[in-house]
Amino acid sequence: MVDSTLVQVGKNLSEAMKILEDGQGELETGTERRRFSRTSIPGPLQGDGQDVTTILHLVHNLIHEEEEKEDKSRQHRMQNVGEQGHMALLGHSLAAYISVSDKERLRKLTTRILSDTTLWLCRLFRYENGSAYFHEDNRDGLVKVCRLVINARYEEYASEGYSVLISKQPVIYQSASCRPGLGQHLCSQLGLPLSSLCTVPCNTIFGSQHQMDVALLDKLIREDIEAGKLPLLLIANAGTPAAGHTDKLGRLRDLCDQYNMWLHVEGVNLATLALAQVTSAIMAATRSDSMTLTPGQWLGLPAVSAVTLYRHEDPALSLAAGLTSSQPVEKLRALPLWLSLQYLGHNGIVQKIKHATALSQQLLQKLKSLASIKTSDVLETEISLVEALTMVEDELSSPVVLFKFSQEMSAGSSGGSVEGYCTGEKEVIDAFNRWLGEQLAQLVPTSGVDVVELEDEGTCVRFSPLQTAAVLGTQQEDVEELAEKLTELVPVMSSTMCLRQDFKEETHQHSASLIYIEELSWPGLGAVRYEPQDEGLDESRRKQELGKINTELLKKLQDLDTDIVFSTGPEFGTEEDCIFVGMVTEDVDVPELVDTIAALGRDIEESGRLLENMTEVVRKGIQEAELQLQKANEEKLMEEGMLRQLPLVGSVLNWFSPVQSSIKGRTFNLAAGSLDSSEVTYTTKAQAGRPSMQDTSTSSLKRFPGQRLFRRSGASSDSFSETSSVGQADEIAREESTTVSSPVHPPSSPPAPEEDLHTAGDVSPERIQESSEQVHTQVETVEASEERQPDGPEVEQSGR
């Protein structure tokens, strides 16, 4: 019978995983979700405790709380925890349960688990007669191996310690393509000086740019021996961390045998040792003294430890180095992997690795079949627009695909030129490839592509399914989608690259208003800054005005109906108050785009300047208007007489003898600050000279229905010819100078108090419209009281 506690552990784990993985749980809405969000703040421990379900829901909300704060459109890469993943998680729970068993039973159980797992891994990865060390940090196995080699090469190290290293300083050799910081970590953990670390350069003339230079390594070893040093260990790569290239392991093995050195191999390509057909370059790794494997990453097993397989005959030295332990609890690290390997079986493990390598070959074939792509049979594949950098040795079996956008300088374009774009070209290409990798990762998140920086090739996009496919659940459909998105993005990048120089030249033609910003790290058409033309401003005021105008200009550009993206640039960019133009298609009319930016900027600047100049004008105009209203009121009193001002008597007199007023209305011109007659306004039933504000702000962007902005005429079937940008700019200038006025009529009430006059004199530019509306409302109210007459046919004649 199965232990009831084990059954309960598995049941609890299943229920916990169901709660944590259920993104549509009942506690994700309303006040309950907000309550859990508040409990994410550290607070006192609950006195009576909480049930398991409540705690698990709290954990779920803590996991997904940050996702809610971020952009909803952004897709997150989440690990695909399948059945084998549940087995790995169950292993952690069982390890805690087994650890409370009695010592004898625990010893037998851990020995069985450790021996089984070691045997299976050695047979899977063709490493005969090997031992295994399971560790959480994938660098820890190499540290323990180094201690083993030091104990083996320095016989008195166990008793004398580091003093024995003085006679012959140990030297550890690593490739320049190794993981960053690996050698420094070894030296710090072993207590060795950094002079004990020797970094071997990679090939510079023949072979891959990421393979260790064997001839130079031989020379360095001989020099160290002549200097009285002891060559101790060599770290080789079966798949470099960045490019996935494999060192010449066969030659390195012979070199280590010659100088009695320990050979350690690590890398993602070691996973292919489980396949039926293995390349000779990878097969040579089975002759190494030790290798580090990461099966959890290759098989999609969460929280599974890494494994270092090694060969050594002295168990005492292995125990002294920490590769073996007498503590049974430490041996339980292998339990999650022990369960997962049994669940998958040999065929399941091989199938996952084979699936990952097939995805790499599928993408490589797609890259070769894309239009405008050429490949060669040399060591590195050369492509005109997407350049594959893999396949150094055994080309058809590499599990890592590296590609990049590479615009040919000799390529012609329909709308631009690249002759003047040689300066900083590499930095621009790197920026474009960085954008390409980010876009592909966002558009196809299950593909697992990422961006890598290489010393010689620059920025590249990497597809390494052995590291991501099992975790993300990548399938062939994802690779197909990745190739489709790449086909869509490459023409846009190519056209943008060609039009960058045109954009720069067109911007220089507007040197009085637009300043071109040389930002090589921006993946787009370019960056500009609108400079205000008012030379009477001091430095601080000018900087403030500069930021205000460009901020408003960016907002207006973002509101346009166009496919072009306008932004503030990189998050950590050095340039401020700039407008960055993103990727564009080949049919974009660059002159019209630049003219529109300049016209909108000029519109914003002149509108702001008009508001500033109107402050004093409006203040004086309002004062004059109130004086005129007061004078008109006095004239009205003189015409009507005192009797008509009495409430009852005035109504009777107005009924029998209506008064024909001779007082005429007035309009207040906000721009000029003057009062004019309103006779024309009421004759034509409209205010002359008052254009639509919406038409003024968009006069430069008029187009036919369905027409896209900034498209050249005849560029595509759905594009339309647009009006001249110069004409649009002139139209903006003409419409901005149009007079904006408000009607003002003489009141029948007494003038405003003295304090109201002072208030009117302090009108700010932001309240100009409000002030004009207030004056208009006041006058209309006065006019309404003036026209209160008895009912009769004569009322309409006494209005004005």
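Axes are lines fitted to C-alpha atoms, for helices over the stretch in contact, and angles between N-to-C directions run from 0 to 180 degrees. The exercises below concern a predicted model.

**Exercise 1. Helix 5 against helix 15**

Task: At what angle do helix 5 and helix 15 pack, and which residues meet?

Solution.
Step 1. Two packed helices are described by the angle between their axes and the distance between the axes.
Step 2. For helix 5 (residues 103-124) and helix 15 (residues 335-369), the angle is about 35 degrees and the axes lie 10 Å apart. The crossing of helix 5 and helix 15 is left-handed.
Step 3. With contact taken as heavy atoms within 4.5 Å, helix 5 contributes Ile113, Asp116, Thr117, Trp120, Leu121 and Leu124. Helix 15 answers with Leu335, Leu337, Trp338, Leu341, Gln342, His346 and Ile349.
Step 4. Sorted by character, the residues of this contact of helix 5 with helix 15 comprise nine nonpolar, three polar and one charged.

**Exercise 2. Helix 15 against helix 17**

Task: What is the handedness of the crossing of helix 15 and helix 17, and how do the contact residues divide?

Solution.
Step 1. The axes of helix 15 and helix 17 (residues 465-472) come within 9 Å, crossing at roughly 115 degrees.
Step 2. This crossing of helix 15 and helix 17 is right-handed.
Step 3. Ile353, Ala356, Leu359 and Ser360 of helix 15 make the contact with Pro465, Leu466 and Ala469 of helix 17.
Step 4. Six of the residues in the contact of helix 15 with helix 17 are nonpolar and one is polar, with no charged residue.

**Exercise 3. Helix 18 and the four-stranded sheet**

Task: Where is the kink in helix 18 centred, and which strands does helix 18 lie across?

Solution.
Step 1. Helix 18 (residues 476-508) has 33 residues and reaches 48 Å from its first C-alpha to its last, close to the 48 Å expected at 1.5 Å a residue.
Step 2. A kink of about 35 degrees in helix 18 is centred on Leu499.
Step 3. Helix 18 lies across strand 12, strand 13 (526-530) and strand 15, and runs at about 145 degrees to strand 12.
Step 4. Helix 19 (residues 539-558) also packs on the sheet, where it touches strand 13, strand 14 and strand 15, its direction making about 125 degrees with that of strand 13.

**Exercise 4. Edges of the four-stranded sheet**

Task: Why is one side of strand 12 and of strand 14 left without a neighbour in the sheet?

Solution.
Step 1. The open sheet of four strands has the order 12-13-15-14 and antiparallel pairing.
Step 2. Strand 12 (514-517) and strand 14 (566-567) stand at the edges with a single partner strand each, so one side of each has no neighbour in the sheet.
Step 3. Strand 14 is joined to strand 15 (residues 579-581) by two bridges, the two strands running antiparallel. Phe566 stands opposite Val581 in strand 15.

**Exercise 5. The seven-stranded sheet**

Task: Which strands form the edges of the seven-stranded sheet?

Solution.
Step 1. The seven strands form an open sheet in the order 1-7-6-5-4-2-3, with mixed pairing.
Step 2. Strand 1 (131-135) and strand 3 (197-200) are the edge strands, each pairing on one side only.
Step 3. From one strand to the next, the twist averages 20 degrees.
Step 4. Strand 2 (residues 170-175) and strand 3 run parallel and are joined by four bridges. Tyr173 stands opposite Cys198 in strand 3.

Key:
Residues numbered from 1 in each chain as written. Predicted model: local features only at pLDDT ≥ 70, side-chain atom pairs only at ≥ 80, totals over all residues. Heavy atoms only, no water. Left-handed = near helix turned anticlockwise from the far one by under 90°. Nonpolar A, V, L, I, M, F, W, Y, C, P; charged D, E, K, R; others polar. Expected span 1.5 Å × (residues − 1). Bend = angle between axes of the 7 residues up to and from the residue. Pairing = 2+ DSSP bridges.
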